[in-house]
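Colleague: I would like a close look at a single part of this model, with the conventions spelled out as they come up.

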Amino acid sequence: MKKKGQIKIQQTIFMIIAVTLLFVLVGLFFLSITLNKLNKEATSLSEKNSLMLVSKLANSPEFSCGDSFGSNRPNCVDFDKIMSLKRNIDSYSELWGVAKIEIRKIYPSTNNASCTNENYPNCNSLKILNKNVKSLPYDSVFIALCRKQASQSGPYDKCELARLMVSSEDRT
Amino acid sequence: MVKHSLQSAGKRKNHRGALEISFGWLFAIIAGAVIIFLAIYISSRIINSSQETVSAETGKEIGILLNPLETSFESSQITSMTIPTETRINNICDDSGTFGRQGIRLDQKSFGKWVETSTDVFFVNKYIFSEGIIEGKKFYIFSKPFSMPFKVADLIYLIPSARQYCFQGAPAEISEEISNLNQNAIATSNCAEDSIKVCFSSSTCDINVNINSKTVTKNRTRLYYSGIGEDDSLMYAAIFSDKEVYECQIKRLVLRLKEITNLYKEKAVLVETAGCDEIIIPYLTEFELVIDSFSNSLNLQELAAKGEEVENINKAGECLTW
């Protein structure tokens, strides 16, 4: 009789453990689905952010030409200022909430060299912000990339066609 | 003897039966209580976290929607935003770090009660001027560029649609700008009786603006503003926000001004190699010193005076730095 009671208690304990495990597993499954959904939502919002940002980034104070190259015009990026920004990018890394910002010259295309302080302005692309994270495909916009160019008759404004590209972090 | 053994067997039987029933009941009660407690606890946690998620997502979406308000050559922009449920927007400003941070926390109404959340969504490149807490379903978003003397940022003024600001006695250029916005939230005529009166020529209204001393007085507090030329973006900022938000956002703007000044200084050095005579560099260094000594909105006029001087040097230069 005593043994039968013990077996019953053991059965009950096993059942409690099994039920608890079931609840834990169901909870974990639910949690992973929720987290996955949240990550997808966060990535989708980041993507939306980069899409909205790219169209206006060229007009932000760190990029825009202002009146440096004649009257104020939209989608004009000051290449000289961008080179200074590149040198100070550590301070700016969190300002726009994106993972990568790059500028690529389209016309006239000279070479494929990435811009450095040494080869500027004879270069084709400039990685302004390049966080070491998994990122989404770039969103881009066409811009006028302007700078001061030396000549025998004095400095003049030189503008080239380029693409400003922005990519946000992929959290999935 | 037989009677005695029957009695003891009956006692044993009763005793064993009582044990079996009590264990079963005990197990059912404990397990049931635990399951019910866990179910209630988990479901309340799920409801809370889903409210937090909705609040965070909506906050982030609001921030993203503010991106198109970045101005290029236009002097101001206005748009509206409607949230499906009654929402309370907490304007959080943090002036620590390189640029400080703009935070938004949303509390939404659920079954007629405000559900407070604790998830703050932060943006580094946004400057929202509003009261600390504003509520409603529809909000007007008005933005203007702030320059000192070069463009520093776009200021965003957040106004609940239920509130109307009535500008009385405003100078012609301000009245014209407000009329051009063509929105009911900011008006110069046909004002509602319960509208917030903003006066430029008297000191008896809800908000009083003194253009000569560049001050905005409301709720017995005085906010100082300044601007170069026709830049009145900080005047609107002082009108639409409370003292804490205003002072904090001003500090954040000055932090950004400092970083951009440094960019222009480095740019000036770079364009010297292209043949530009950059006399502006020492003036920008002096400007940086004024920026470093900035502590609150009282210093804005000194900052604007120095900014104006730097602007004149820039305009006089061979190559415009901005």
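What distance separates the centres of domain 1 of chain B and domain 2 of chain B, taken over C-alpha atoms? Please take the answer from there into the elements around that contact.

Modeller: This is a predicted model, in which local features need pLDDT of at least 70 and side-chain atom pairs count only at pLDDT 80 or more, whereas totals for chains, interfaces and linings use all residues. Residues are numbered from 1 along each chain as its sequence is written, and chains are lettered from A and ligands numbered from 1 in the order in which they are written.

The centres of domain 1 of chain B and domain 2 of chain B, taken over C-alpha atoms, are separated by 26 Å. Domain 1 covers 66-249 and domain 2 covers 250-316 of chain B, with bounds that come from an automatic or database domain assignment. Their contact takes 23 residues from domain 1 of chain B and 21 residues from domain 2 of chain B, where two residues are in contact if their C-beta atoms, placed from the backbone, lie within 7 Å. On the domain 1 side, the elements of chain B that give two or more residues are strand 7 (151-160), strand 13 (221-224) and helix 4 (243-272); helices (H or I, at least four residues) and strands (E, at least two) are DSSP runs, numbered from the N terminus. Helix 4 of chain B gives the most to this side, with 4 residues. By class, the side of domain 1 of chain B that touches domain 2 has 15 nonpolar, 5 polar and 3 charged residues, with Ala, Val, Leu, Ile, Met, Phe, Trp, Tyr, Cys and Pro counted as nonpolar, Asp, Glu, Lys and Arg as charged, and the others, Gly among them, as polar.

Two of these elements can be followed into their strand pairings. Strand 7 of chain B pairs with strand 6 of chain B in the antiparallel sense over 9 bridges, pairing being assigned if DSSP finds at least two bridges between two strands. The two strands form a hairpin with 3 residues between them, and B:Y140 has B:I159 in strand 7 of chain B as its bridge partner. Strand 6 (residues 133-147) of chain B is also joined by 10 bridges to strand 1 (residues 77-94) of chain B, and these run antiparallel. Strand 13 of chain B belongs to an open sheet of 6 strands in the order 9-8-10-11-12-13, with mixed pairing. Strand 9 (186-187) and strand 13 of chain B stand at the edges, each with a single partner strand, so one side of each is left without a neighbour in the sheet.

Within domain 2, helix 5 (residues 280-292) and helix 6 (residues 300-316) of chain B pack at an angle of about 170 degrees, with their axes 10 Å apart; axes are lines fitted to C-alpha atoms, for helices over the stretch in contact, and angles run from 0 to 180 degrees between N-to-C directions. Helix 5 and helix 6 of chain B are therefore roughly antiparallel to each other, a term for angles over 145 degrees. The residues of this contact divide into 9 nonpolar, 2 polar and 4 charged.

Strand 7 and helix 4 of chain B also take part in the contact between chains, in which 37 residues of chain B meet 37 residues of chain A. Helix 4 of chain B gives the most to the side of chain B that touches chain A, with 8 residues.

Notes:
Parallel < 35°, antiparallel > 145°, perpendicular 65-115°, else oblique.
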